[in-house]
Every structure is written in structure tokens, then in C-alpha cells.
Amino acid sequence: MKKITVLLLMLWISSVNAQIYSFDFLTKYISTSSDPKMTESRDLVTYFNTDDFSYYLTLRKTSTGFYGYLTDENRKTMHKFDVTEDQKDGEVEFSFNYTGTRKLSGHPVNLKKVRIQYEEMASDSVKLKIFKNESATKPEREYVLKLKKANKNLFPIARIVMMHPYEAATAVDFGRNIVVEKAIDICIEKRCNCDITLAEYKNVELDLQLPKELKFVIY
């Protein structure tokens with residue numbers, strides 16, 4: 001009887017670990033810096049579930065390869081994938097091979113205390129300031145945002161893509177059905193301005209299933 005109980009428990013644990021992540025939206029932002037030493041632009045490609053922004057999949061090309069990083073804010077984990085890029089019917093397609101998982105440490109800021117201040121600059125643009133708490137007088141980050149109407153609130157996409165370390169700060173939101181078309185990341189202290197422009201976005205259907213037994217690694 002004890003052996004049966006242990007077996008059932010092991011099966012239950014395995015089924016819990018077999019997580020499936022679904023994505024329905026893909027964006028590509030292009031970031032360019034005002035620093036003359038940084039002449040190359042960066043592509044910021046990310047998959048989202050527009051009903052649940054607690055997880056997202058970021059694609060990165062480096063000198064060593066092409067990788068995908070699936071961040072799960074609720075489970076405090078990041079899953080890494082090797083990415084293969086193919087062409088099919090004139091469209092770029094990606095395939096993903098799971099390689100490992102690591103635990104995420106705590107955020108460098110207290111997300112519960114974050115506050116925002118914004119002012120309307122025009123019907124389609126706002127200036128956004130992010131403060132670390134209620135008493136702070138100097139913003140930690142400052143942006144000028146150009147907005148476009150959408151059929152649901154897609155502002156969390158901009159927060160995740162360009163507002164590190166406030167990706168999971170749900171207080172940083174306007175509560176409007178908009179998408180950010182362009183952002184100017186204003187220089188604070190020694191950081192240079194960046195222009196971040198939405199180059200492409202589309203509806204997608206992507207499901208990623210993790211293995212039943214995760215491989216925890218350091219990367």
C-alpha cells in the first residue's frame with residue numbers, strides 16, 4: 001500500500017511540473033541609443049500572453065547563439081531555450097529546444113511601493129515618470145511615450161520590454177486599451193537616451209511545454 005501511495009505522489013509531482021505556456025502576441029521593438037559610441041540598433045523580440053502578462057518569452061541573439069528566455073514572475077523561474085530560425089512561405093518561424101531552468105532572485109526594487117506620475121502631452125502621447133516610493137521626489141526612470149489605440153490594454157508589453165527593473169510592477173500602468181508605438185527613454189544621471197520603436201507586431205499561436213523534470217542550471 002505504501003509503494004502505491006509513493007508512486008501516485010511521484011506521478012502527481014510529474015504532472016505538476018509539466019507546465020504549458022501559451023502565447024498569442026509577438027512584438028518587435030527596435031532600440032537605438034543617442035550615445036555615438038553605440039551605433040548599432042538592437043532588436044527586442046518578445047512573445048506574450050495578452051490575458052496573462054505574468055510570463056513572457058524574450059528572444060536574444062548573441063555571439064554564441066540564438067536563445068529564448070521564458071520568464072515566469074509567479075513561479076520566480078526563467079527557462080532557457082535554444083532557438084532555431086527558419087523560413088516558411090515567406091514568414092520567419094522559430095522552433096525551441098529546452099536547455100535548462102534557473103530560479104530568479106528578488107527584484108532590486110520594492111515593486112509594492114512603486115508609484116507613477118504622468119502628464120498628457122497630446123491626445124496620443126504622455127510623459128511617464130517612475131518613482132521608487134511615495135516619498136521619492138526624483139524619478140528613477142522617465143519616458144515620453146507615443147500611444148496607439150488597441151482592442152485591449154497592451155501597455156504591460158512596453159513595461160516588460162523597456163522598463164527594467166519594473167517589468168512586474170503592475171502599478172506602472174494607465175489602465176487604457178493602448179499599445180506603445182514609440183518611447184524615448186530619457187537620460188537620468190549618466191544613462192543615454194534611447195529611442196525604442198515598435199517595428200512589428202502580430203497575433204501568433206505558440207505553446208511551449210516544459211519537460212516533466214526541469215533541469216536547474218546556472219546561466
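Where in the chain is Lys-76 found? In this predicted model, Lys-76 sits in the loop between S4 and strand S5 (77-88), and the views below start with the whole chain before coming back to that loop.

**View 1. The whole chain, from one end of the sequence to the other.** Welcome to a chain with 2 helices and 11 strands. Followed along the sequence, these elements come in the order α-β-β-β-β-β-β-β-β-β-α-β-β. Of the 219 residues, 40% count as buried. Among contacts between residues at least 6 apart in sequence, 54% join residues at least 24 apart. The surface that the chain exposes comes to about 13,400 Å², with carbon and sulfur atoms supplying 51% of it.

**View 2. Confidence along the chain, with a look at helix H1.** The mean pLDDT of the chain is 88, and 88% of the residues reach 70 or more. Among the elements, strand S4 (residues 65-72) has the highest mean value, 98, while helix H1 (residues 2-17) has the lowest, 39. Over residues 1-16 pLDDT stays under 50, and for this stretch the model has 1 contact beyond four places in sequence. A friendly word of caution belongs here: where pLDDT is low, predicted coordinates should not be read in detail.

**View 3. The hairpin of S4 and S5, with Lys-76 in its turn.** S4 and S5 run antiparallel and are joined by 6 bridges. Across this pairing, Tyr-69 stands opposite Lys-80 in S5. The two strands form a hairpin with 4 residues between them, and Lys-76 lies in the turn. Lys-76 is not a glycine, yet its phi is positive, about 55°. For context, most residues other than glycine have a negative phi. Is Lys-76 buried, partly exposed or exposed? Its relative accessibility is 36%, so Lys-76 counts as partly exposed.

**View 4. The next hairpin, S5 with S6.** Moving on along the sequence, S5 pairs with strand S6 (residues 91-103) in the antiparallel sense, over 12 bridges. Within this pairing, look for Asp-82, which stands opposite Asn-97 in S6. The hairpin has 2 residues between its strands, and Asp-89 takes a positive phi near 55°.

**View 5. Helix H2 and the cis peptide bond in the loop after it.** H2 is mostly covered, with 8 of its 8 residues buried. Those buried residues include Phe-155, Ile-157, Arg-159 and Met-162. In the loop between helix H2 (155-162) and strand S10 (178-185) you will find Pro-165. A cis peptide bond joins His-164 to Pro-165, with omega about 5°. As a reminder, most peptide bonds are trans.

**View 6. Two nonpolar cores.** The largest nonpolar core has 34 residues, and Tyr-29, Leu-128, Leu-145, Phe-155, Met-163 and Val-180 have the most contacts inside it. Two or more residues each come from strand S1 (20-33), strand S2 (42-48), strand S8 (125-131), strand S9 (141-149), H2, S10 and strand S11 (194-209). H2 gives the most to this core, with 6 residues. Apart from this core lies another one, of 19 residues, among them Tyr-21, Leu-57, Val-204 and Leu-210. As background, nonpolar side chains in soluble globular proteins tend to be buried together.

Definitions and conventions:
Residues numbered from 1 in each chain as written. Predicted model: local features only at pLDDT ≥ 70, side-chain atom pairs only at ≥ 80, totals over all residues. Heavy atoms only, no water. pLDDT = per-residue confidence, 0-100. Contact = heavy atoms within 4.5 Å. Buried < 20%, exposed > 50% of the residue type's maximum accessible area, 1.4 Å probe, protein only. Areas by Shrake-Rupley, 256 points an atom, 1.4 Å probe, with all protein chains shown as cover. Pairing = 2+ DSSP bridges. Core = buried A, V, L, I, M, F, W, Y, C linked by side-chain atoms within 4.5 Å.
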